[in-house]
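Here's a quick tour of a protein model for anyone about to set up a calculation on it. Have the coordinates open while you read.

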Amino acid sequence: MQGGEKRLGFQQMRRLIEFWALVSVLVVVGGAVIAFLRHLDQEGRSLIAKKKILLSEFHHQLEKNPSIERAVAFLKESNLEKKLKHLLAPEAVLTTEVEIALKRDLDELFGLLNRIAQAVSISKILTREETEIFSWYFRLLQHHPILSQYFYNSGFLDLWDFAQSFLEKDEVEV
């Protein structure tokens, strides 16, 4: 009987050791999972903060930059297709200081809008929904089809496509 009791005691001790080993492994794995989830949460918060800074920068530029304000005011004028054609023609010789400044203002606006388009379409930093607040500027460009050729020739490749996607979205919503 003593041998059987020893064997039973040994088996119980072995089960107890296996139980504590399993509990230890579970605690270590659980701790690693929790640490990983915390890391992901911190990365997510960091990304959200960076997105807010980027959106704030875009908003500030569109609302407060005098060059962009002048370019937007120009694009809101009526009957400006002829002026645009002259300003944006590749062979155009801009003779007055006003024309040169206006061309620079337009390029600054187009450059900023192109950055927004790339942040959504190319790098996927921002979602389309996050940039809806800027959609008015892209819709403004749609009124001037002459811009499409200028954008493709000047390196604002994503801008026209992104602006057109707002037009397509509007057609679907109607």
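Confidence in this predicted model bottoms out in helix α7 (residues 157-173), with a mean pLDDT of 73. At the other end of the scale sits helix α2 (residues 66-76), where confidence is highest, at 94. Over the protein chain as a whole the mean pLDDT is 85, and 93% of the residues reach 70 or more. Keep in mind that where pLDDT is low, the predicted coordinates should not be read in detail.

Now for the fold. The protein chain has 7 helices and 0 strands, so the radius of gyration is worth a look: at 31 Å, it is well over the 16 Å that the globule rule gives for 174 residues, so the chain is more spread out than a compact globule. If you're picking a box, the C-alpha trace spans about 110 × 35 × 25 Å along its principal axes.

How much of the chain is buried? Of the 174 residues, 30% count as buried. The accessible surface comes to about 11,900 Å², and carbon and sulfur atoms own 61% of that. As for contacts with a separation of 6 or more, 66% of them link residues 24 or more positions apart.

On the charge side, there are 22 positive and 24 negative charges in the protein chain. Their mean positions lie 10 Å apart.

Helix α5 deserves its own stop. Which of its residues are buried? They are Ser-135, Tyr-137, Phe-138, Leu-140, Leu-141 and Gln-142. That makes 6 of the 8 residues in α5 (residues 135-142), so the helix is largely enclosed by the rest of the structure.

Last, some backbone angles to check. Asn-79 has a positive phi, in a residue other than glycine, and Lys-124 has a positive phi too, although it is not a glycine. Here they are in a table:

| Residue | Phi | Loop | Relative accessibility |
|---|---|---|---|
| Asn-79 | near 50 degrees | between α2 and α3 (81-88) | 74% |
| Lys-124 | about 60 degrees | between α4 (97-121) and α5 | 60% |

Are these residues buried or exposed? The cut-off for exposed is over 50% relative accessible area. Asn-79, at 74%, therefore counts as exposed, and Lys-124, at 60%, is exposed as well. Both places are in loops: Asn-79 comes between α2 and α3, while Lys-124 comes between α4 and the enclosed helix α5.

Technical notes:
Residues are numbered from 1 along each chain as its sequence is written. This is a predicted model: local features need pLDDT of at least 70, side-chain atom pairs count only at pLDDT 80 or more; totals for chains, interfaces and linings use all residues. Side-chain values use heavy atoms; hydrogens and water are left out. Helices (H or I, at least four residues) and strands (E, at least two) are DSSP runs, numbered from the N terminus. The radius of gyration is taken over C-alpha atoms; the globule rule is 2.2 Å times the number of residues to the power 0.38. Buried means under 20% relative accessible area, exposed over 50%, partly exposed in between (1.4 Å probe, protein chains only). Contact means heavy atoms within 4.5 Å. Accessible areas come from the Shrake-Rupley method with a 1.4 Å probe; for residues, only the protein chains shown count as cover. Lys and Arg count as positive and Asp and Glu as negative; His and the chain ends are not counted. The place of a charge is taken as NZ of Lys, CZ of Arg, CG of Asp or CD of Glu. pLDDT is the predictor's confidence in each residue, from 0 to 100.
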